[in-house]
Amino acid sequence: NRTAFVNRLDGLVVGAAAKAGVFLDHRFVHPDLYFAVTFPKTWKYENSPTAVVAYPQSESAMLGLQVLAEGDDPAAVADEIGAQVELLDRSEVKKINGLPVVTANTRVVQDGQELSLSLTWIAKDGLIYQVLGATPSARWTEFRSTFEAAAATFRRPSESELDEVRENRLRLVAANRGETLSAVAKRAKSQWSVERVAAANAMDATEKLRGGEAIKVSKREPYAPAADEPSQ
């Protein structure tokens, strides 16, 4: 019946799932992979299933973060990439925030334009992450330090950062007799507008409720991994 069906919706993620990582202002925090990185404050940010990307308003540069490979040796990944392109200023394995890291620079030609790249490979928990900064070679000196500074912030998140991670979840709230959807939404601190609550429940926003109806709302809640997912 409808009540049993609606009850199964309780807890569904509404919108972006925090398990894919979230931006907390200019910090990107991934609660499941258990890492954080800080991007330049004034840049624009995008999070996709394959990479996190940031770029300035002028779009004259780009910073990208992605999982590049499995393994614990960033030098092995650098060797593989070095077999394809010439790596400049390549470092030995060093530590950044307690994690093994190799850094390098290179130049490539794309669509007839020479680009300078800043490359950082970081080993953490059996995965190799790559932080890549790219800009036209004519602007390399302008952005190089920004690329390197962002890569150097890759770290395990603090407890306070993890506490900031939130996501919206669909929750069911029992209506009181005589309440309207507007009153229910306000009492539940719903993230949805009254109009959206009305649409989600196929009801008129101003109608008086009998009491006891399960009203769907969206609530902002702390992120918690699912019971069948590994926790850090």
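How many salt bridges does the count come to in this structure? In this predicted model, the count comes to 15 salt bridges. The points below take up an open sheet of three strands and then several of the charged contacts, including one between Arg144 and Glu148.

**The sheet**

- The three strands of the open sheet follow the order E1-E12-E13, and their pairing is antiparallel.
- Strand E1 (13-14) and strand E13 (214-222) each have a single partner strand and stand at the edges, so one side of each is left without a neighbour in the sheet.
- Two bridges join E1 to strand E12 (residues 166-174) in the antiparallel sense, and Val14 lies opposite Asn168 in E12.

**Salt bridges between two residues**

- In helix H3 (residues 140-151), Arg144 and Glu148 are four residues apart, which means that about one helical turn separates them; their side chains meet in a salt bridge with an N to O distance of 2.9 Å.
- Both partners of that contact are partly exposed, Arg144 with a relative accessible area of 28% and Glu148 at 36% relative accessibility.
- Arg169 and Glu167 form a salt bridge through their side chains at 2.7 Å, N to O, and both of these residues are buried.
- Between Arg187 and Glu179 there is a salt bridge whose closest N and O atoms are 2.9 Å apart; Arg187 counts as partly exposed at 40% relative accessibility, whereas Glu179, at 12%, counts as buried.

**A salt-bridge network**

- A network of salt bridges links Asp25, Arg27, Arg155, Glu161 and Glu164.

Key:
Residues numbered from 1 in each chain as written. Predicted model: local features only at pLDDT ≥ 70, side-chain atom pairs only at ≥ 80, totals over all residues. Heavy atoms only, no water. Pairing = 2+ DSSP bridges. Salt bridge = Lys/Arg side-chain N within 4 Å of Asp/Glu carboxyl O. Buried < 20%, exposed > 50% of the residue type's maximum accessible area, 1.4 Å probe, protein only.
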